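Trainee: I'd like to learn how to read a structure like this one. Can we walk through it together?

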Amino acid sequence: MTENAGLYLHLPYCRSRCGYCAFVVSTDDSSRGEYLEALEREAALLAAEAAGAAFDSIYLGGGTPSLLRPRELTRLLDELRRRFDVDADSEITLEANPDDVTPGLARAWKDAGVNRVSVGVQSFHDSELSAVGRRHDAAGARRALDVLAQAGVSLSADLILGLPTQTAASFRDSVSEVSRSGVAHLSIYLLETEKSRTIEEDRRDHPERYLSDEAQADAWREAGEILADRGFGHYEISNWALPGSAARHNVKYWTRAPTLGLGVSAHELWGERRRANVSGLPAYLASLREARRPTALDEEVTPEAAARERIFLGLRLSAGVPAAEIEEWIREAGEPLLSDDYAAWLETGLLERSDGRVRFTANGFLLSNEILCRFV
Ligand SMILES: C[S@@+](CC[C@H](N)C(=O)[O-])C[C@H]1O[C@@H](n2cnc3c(N)ncnc32)[C@H](O)[C@@H]1O
Ligand code: SF4
């Protein structure tokens, strides 16, 4: 029997598109009624496959799930509980744009069963927020965090490092402020400039508006120190949490626990099959109109691929991976260059080996992309 499974639902509608965003989103919500019906139909199709599985996390991501009307959210969560075996103590997370948060809505989210809200704060500086077209300002982000803290849900916030006009000092202020705002969990993402042509062109034409890679690395290290002082543990490359507040659902992705993904562009790992839904909204809706699963990719994960995934996903966590597993994998890969590099990463302190496990050091996390891609 499958236990501790997770459900992800993608809600693609946004009021406006932020300059840096490459998620599958739509600013035209005329299809939203049909989309919600399609999600219910998809849940019905998946329910047979998930028979006997017990779920203890639901993640409503997007897009902007905070745009759902309370009765839509209640109906959706009720439907999931009806179709799947969802534990009463499940972690139920909703991603929210600060602009949407009101005391009434926060109460409605709680009443529907949401017990964790992840707020897209990004920065506490108006110039940085407007430079990427966020629809809220810093005061709006503060207000949203206050309202949600008073509503008594577990709070997470997202910040971005590398925003146009951001400085080391302004980033430090944002980290410091968010760590005192009542959040139990924080994600810090490096701005992925290649995801948006506008941002990429702006960086090329106005490099002075962006922190250099070295300055970003220093700012990242400093953020880690501020957060450690305030009791936040760095448990995954981009994530920090107070004790006991690591994101139960997200950890499933790095530990390869079973998850189902519903909605346009959603991904899943179920019974050693990786599947991805189509990424176009019309194709998603058309498929479910005919009660067909909207799958674009469906492949078996071979034992060899699973071993590789356990390494490059497990290394993202500060707990790391069993030394025997990574070393056996490197031996079997039979690439002398990789063995030499592995020895050098340990020697230069990018990786550390202790208690039978191998993990990134603080410096190693900064170069993790270059190291992880060697295992992909
Ligand atoms: C789906 S959004 C969160 C909810 C809501 N849509 C919002 O933006 O407030 C998930 C998070 O991904 C991060 N993100 C999106 N695009 C990014 C990019 N190009 N580089 C870095 N982080 C990005 C942002 O921090 C954002 O809060
Ligand atoms: S960052 Fe969030 S609000 Fe902005 S476009 Fe992407 S999903 Fe929508």
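**Reading the fold**

Mentor: Let's start with the inventory: the chain has 15 helices and 15 strands, where helices (H or I, at least four residues) and strands (E, at least two) are DSSP runs numbered from the N terminus. This is a predicted model, where local features need pLDDT of at least 70, side-chain atom pairs count only at pLDDT 80 or more, and totals for chains, interfaces and linings use all residues. Residues are numbered from 1 along each chain as its sequence is written, chains are lettered from A and ligands numbered from 1 in the order in which they are written, and side-chain values use heavy atoms, with hydrogens and water left out.

Trainee: Which residues of helix 5 are buried?

Mentor: An α-helix has 3.6 residues a turn, so residues three or four places apart point the same way. In helix 5, the buried ones (under 20% relative accessible area, 1.4 Å probe, protein chains only) are Ala138, Gly140, Ala141, Ala144, Leu145, Val147, Leu148 and Ala151.

Trainee: What do they pack against?

Mentor: Helix 3 (103-112), strand 4 (116-122), helix 4 (126-131) and strand 5 (154-161). Just past helix 5, Gly152 has a positive phi of about 80°.

Trainee: And how much of the whole chain is buried?

Mentor: Buried residues are 52% of the 376.

Trainee: Which residues are around ligand 2?

Mentor: Being near means having a heavy atom within 4 Å. Around ligand 2 you'll find Cys14, Ser16, Arg17, Cys18, Tyr20, Cys21, Val25, Gly63, Thr64 and Arg134.

Methods
Buried means under 20% relative accessible area, exposed over 50%, partly exposed in between (1.4 Å probe, protein chains only). Contact means heavy atoms within 4.5 Å.
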